[in-house]
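Visitor: Hi! Could you walk me through this one while I have it open on my screen?
Guide: Happy to, let's take a look together.

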Amino acid sequence: MAKKIVLIDGHSILNRAFYGLPDMTTSKGEHTNAVLGFISIMFKILDEEKPDYLTVAFDTNHPTFRHEMYAEYKGTRKGMPEELREQVPVMKEVLKAMNIAILEKPGYEADDILGTLATRAEEAGNQVSLVSGDRDLLQLASDKIKIRIPKTKRTGTEIEDYYAQDVVERYHVTPKQFIDLKGLMGDASDNIPGVPGIGEKTAGKLIESYQSIENIYQHIDEMSPSKVTTSLKENREIAFLSKQLATINTNCDLEFKIEDATLGNLYNEEVYLLFKRLEFKSLLSRFQTEEVSHTTGIEKNFQWITEPGEASQIFASIQDKVAHPIGLQLIFENDSFLGLSLCKEEENIFFIQCDERITKEYLTISASHLARKGYLTSVIGLKEQLTYLKVTEKDNMFDASVAAYLLNPLTDTYHYDDIARDYIGLTVPSRDDLLGKNSLVSAMNENKEAFLSYACYSAYIAFRSAEKLRDLLFRAGMQQLFETIEMPLIYTLHDMEVRGIRVNKDALREYGDNLTVGIDKLEKNIYELVGEKFNINSPKQLGVILFEKLQLPFGKKTKTGYSTSADILEKLQSEHPVVAMILEYRQLTKLKSTYADGLAGYIQADERIHGKFHQTITATGRISSTDPNLQNIPIRMELGRQIRKVFIPEENYVFLDADYSQIELRVLAHMSGDERLIAAYREAKDIHRITASEVFHIPFEEVTPAQRSSAKAVNFGIVYGISSFGLGQDLNITRKEAERYIDKYFQTYPNVKAYLDRLVMDAKELGYSTTLFGRRRPIPELNSSNFMQRSFGERVAMNSPIQGTAADIIKIAMLRVNQKLKEGNYRSRLILQIHDELLVETHKEEIEQVAKIMVEEMQSAAELSVPLEAEVKEGNNWYEAK
DNA sequence: CCTAGCCCT
DNA sequence: TGAAAAGGGCTAGGT
C-alpha cells in the first residue's frame, strides 16, 4: 500500500523561519526563533498529512561535488549569522528527542539526499512531500512528489504546494526545465553564475521556446542576432556549468531505508522538557491535549467514601500494611476542609468526604495517627497540609515534592502530575486539566468525577512515587540532606508562617502618607521642569521625554527603546536637573507601591503578616518568600530602611536579629582550602580590608575606603562566578582594569583559583554541582554550544556550591534554633530567615538565653576550617534590631 | 502575559 | 571582539 512520506530540507526551513520570525530569545538569552518556526511548520504539515515516515536532511560542512566543479560555490551553510548558527544544534536536539531521523552525509547537500529519497520513494509507488524554502527543489516535482514551500508570516504559516502540473501552470516550464532556467539565470545565493544579460523573463521565454539549454545551443545559429544571443554564445561554458551545479543528484549513495524514518511519538517527556527549556509556551498545550486524551486506567480504582463505617474500616485496614508507604492528601481550600484521599495499594484509592458524620476532627486525627504509628506516609506538599495534619518532625512523613525538588531543583512546580511524569513515567491529568479554574468546593458538588480524580491522583502518586524518590535520593547521596535538613525544615517553615510578623498598621499608613506628599511634590516639579505632563512610571514615555524632547545623551537601548534604568540616569544627573528628581520619584513610588501599600494589604486580623516561605523554588537551595516577600524589605537607603520600624514584636517581646558575617566567603575559604584566605578569616578582622591589603600589597591600616570597596566588589565577584565584564560594570571601570584586579586576587589566593577551576571542571563532567552537604544543582548550560550560555553555566558552577552550602548551613541553624526554643518551652519564636539572618520574636524574660541559642546554633551549624561568626542585635522594631 | 525597573542577600 | 557577574519577588505599564 502506498505510504505517505514527508522529507524536510533542514537548513532551508531553519533559514526561512529565522528570517520570517522576529528575533526571540529565552530568558537566558538563547535565540529560538528559527527552531520555533521550524517546529511550527513541521507540526502544521504533520497535522495536515499524518505521514507514515518523516526525515529531515541537513547540509554538512564538507565540500560537495559542486565545490569540486566550481571553487566559488557557496552552499547554504556559509555566511550564516551566529544567532542562526547556534540554533542548528538545538534543532537537531529537538528532532532527536522526537525520534525523527536526521540525515546528513559529507559530500552531499540536503537537496541531493532529499532528491534521492524522493525519487526512490516515488519508484516504490509512494506519496512524497518535499518541504523546503528553496525553489530549486521544484525540479523534483512530479505527480507523486509534492514540493511544499512554507512561508512564515506573523499571522501563521502558509504553504505553497507544487505538483508537476502546478509548476507548469505557475512558471510555464516543466520541473526538469527549472534546472535549465537556473543554468541561464544563475543563483546569487549559491554564488552560481548566470549568463550575463539574461534574467528571469528572458530565461523563461528561451526555455519555453527551446525546452533546454542543450537545445538552445543546437539552434543558436538559427536565432536572430541580438545582445542575448551574443551573450549566450560567449558564455556557453557558464550556462552548462551552472546547469550542472543546479542539478539535484537523485542518485546519492545512501544506506538509509525509508523504514528507518518511521514516525514515533513526538510528544514525549524529553520533548516536553526541551520545549519548556526553550520557553515554547504555545507548543506545550499540544502535550496537554495529548495527555488528557488518554486516561491511565487507574481511575476505576478511585472510590468516593461517605459512609463512616467504610471510613473507619479503611483506616483500620492500614494496620496490616506496613511494608509500603501510604499515600495521603488532605483536600481543603481556604477555610473549608473537604476530606482526604488515601492510597495504600494500587487497587484501592479512596476519597473520604468530610461531613456531619465523618468529621474534620475524625479525619485529621485519623490521618495524623497513620504517620505517628510509624508507617511512612507520603504526601505532596506537606507544609500546606500541616494546617490540618497534626504531625511533627518526629513522625514518619515523606514529602514527595521536596524530594523531587532535591532531585531536580530547576523545574517550577512539583505537583502530582509533575512527579508522575518525571518519576513514574506516567501521564496523568493535572489539576488544571481536571478542574480548570473551578474551585474545589464547586468541583466537589458539580463535577464529581473530575474532583474524585484530582483527589485520588494526588494520594496515588504520593503512594507510587515515594520509594522511587527515596531510592533516587539515596543514590544521589542526598538521603541525609533530605531526612535531616529538608524534611524537618518543612515544620520550621510552617511554624514561621503560622507565627507571622506583627506590623504597626497606623505607622505603616503614616509612612505611606508621607511618601505621597513627597511624590506629589516631585511629580509637580517634574512636569514643570519638562513643560508637560506624562506618566513618569512609564519607561517608554520617560524615554521620549529625556532622550527626544530634552535631547539627553542616551547610554544604551533595550529591546523596546531607550534604557532609563537607575545606573543610566545617575550618569545623566549633571545634564539636567529633572534627572535627579526622577530618581527620587522612582525611589518614593517604589516604597509606596511595593512596601507601604503592598504590605498593608497583607495585614491580618491578628495585626500580623503571615508571609509564605517556599522550600522548592530556588536553584541553589535557598528558601524564597512571597505574599509578601519579607526577604527584600529595604535597608540600603535610609528612607527605605525606615519602613522596618513598622515591623514590631508583640507586647512584652523584643526582636533579636542575628546575622552571619560573610558566610559565603567563609564557605569559600573552607571549601577551597586556600591557606591565606583561611588565615585571613582566623584573624577575624574586616575581611574586605584584609583582601584589599593583601591584593594591593598595602599595610592593613593604610587601606583607603576606595581600595576596600574595590576589594569588596572583587569578593562579591568571586562568589558570583567572576567575570571581568561584570566586575567592570559594578566598579564602573574598564574590563581591562577589572581583569587586573581579578588576576591580582587569584595571585594572592591561588588555591581559590584552583578550586573554582575545579568546580567548573567537575560540574562539566558530572552535569551538576554539589554543596558541602550533598545538595545538587544540574547545570545543563555547561554543554551549550552558545558561548553566553556556557559562560553562564561556568559561573553557576562556581556560585552554586558556595551559595548552596551557605543555604544548607543556615537551614541547619534554623532547625536547631527552632527546636531549642520549642524544647526549652520558650515563648520566643523564629519568625524570619533572610538568607544569612534569623529574626526571633523574643520574650523579654528570655532575651539572654535566646541570644545565646541563636549565636551558638548559628556558629556551630557547620564545622568549617574558619570560624562562622554570627552577631545578634536587639530592638523594639526591626529597624533597631539591625 | 511580558518587560523594565528595583527591592533584598 | 563580545558579553546576565549569583539567587530571588513585586509593581506598573503596555501589549
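**A hairpin, two DNA strands and a helix residue**

Guide: Let's start with S20 and S21, which form a hairpin with 3 residues between them. His835, in the turn, has a positive phi of about 70 degrees. Keep in mind that this is a predicted model.

Visitor: How many bridges join S20 to S21, and do the strands run parallel or antiparallel?
Guide: There are 4 bridges, and the strands run antiparallel. For the residue ranges, S20 is 829-833 and S21 is 837-843.

Visitor: Which residue in S21 is the bridge partner of Leu830?
Guide: Leu830 is partnered with Val840.

Visitor: And why is S20 said to be largely enclosed?
Guide: Because 4 of its 5 residues are buried, strand S20 is largely enclosed by the rest of the structure.

Visitor: What does UniProt say about residues 640-846?
Guide: The unreviewed UniProt entry annotates residues 640-846 as "domain: DNA-directed DNA polymerase family A palm". In the model, that stretch of chain is 58% helix and 13% strand. Its end C-alpha atoms are 30 Å apart.

Visitor: Now the DNA. Which residues come nearest to strand B?
Guide: There are 21 residues around DNA strand B, and Thr564, Arg622, Asn632, Ile635 and Arg636 come nearest.

Visitor: What do the polar contacts to strand B look like, say for Thr564?
Guide: An N or O atom in the Thr564 side chain is 2.6 Å from a phosphate oxygen of DNA strand B. Arg622 goes to a base instead: one of its polar side-chain atoms lies 2.7 Å from a base oxygen of that strand. Ile834 takes part through its backbone, with an N or O atom 3.3 Å from a sugar or linking oxygen of DNA strand B.

Visitor: What share of the strand B atoms within 4 Å of the protein belong to sugar or phosphate?
Guide: That share is 84%, and the rest belong to bases.

Visitor: Which element gives the most to the surface near strand B?
Guide: Helix H27, residues 577-600, gives the most, with 3 residues. By class, the surface near DNA strand B has 7 nonpolar, 8 polar and 6 charged residues.

Visitor: OK, on to strand C. How many residues are around it?
Guide: DNA strand C has 38 residues around it, and Ser538, Gly717, Phe725, Asp730 and Met788 come nearest. Of the strand C atoms that come within 4 Å of the protein, sugar and phosphate account for 64%.

Visitor: Where does Arg622 come in for strand C?
Guide: A polar side-chain atom of Arg622 lies 3.3 Å from a base nitrogen of DNA strand C. Phosphate oxygens of DNA strand C have partners too: one is 2.4 Å from a polar side-chain atom of Ser538, and one is 3.0 Å from a side-chain N or O atom of Arg777.

Visitor: Which element gives the most to the surface near strand C?
Guide: H36 does, with 7 residues. The residues of that surface divide into 10 nonpolar, 19 polar and 9 charged.

Visitor: Last topic, Leu14. Is that one buried or exposed?
Guide: Leu14 counts as buried, because its relative accessibility is 1%, under the 20% cut-off. Leu14 lies in helix H1, residues 10-20.

Visitor: Which residues does Leu14 touch, beyond those up to four places away in sequence?
Guide: Leu14 touches Ala34, Val35, Phe38, Phe58, Leu84, Val88 and Met91. As for Ile41, it is 27 residues from Leu14 in sequence and 10.0 Å away in space, C-alpha to C-alpha.

Definitions and conventions
Residues are numbered from 1 along each chain as its sequence is written. Chains are lettered from A and ligands numbered from 1 in the order in which they are written. This is a predicted model: local features need pLDDT of at least 70, side-chain atom pairs count only at pLDDT 80 or more; totals for chains, interfaces and linings use all residues. Side-chain values use heavy atoms; hydrogens and water are left out. Buried means under 20% relative accessible area, exposed over 50%, partly exposed in between (1.4 Å probe, protein chains only). Contact means heavy atoms within 4.5 Å. A residue is near a molecule or strand if one of its heavy atoms lies within 4 Å of it. A polar contact is a pair of N or O atoms within 3.5 Å; within protein, one must be able to donate a hydrogen and the other to accept it, and residues adjacent in sequence count only if both atoms are side-chain atoms. Ala, Val, Leu, Ile, Met, Phe, Trp, Tyr, Cys and Pro count as nonpolar, Asp, Glu, Lys and Arg as charged, and the others, Gly among them, as polar. Two strands pair if DSSP finds at least two bridges between them. UniProt positions are given in the numbering used here, feature names are shortened, and annotations may be inferred rather than shown by experiment.
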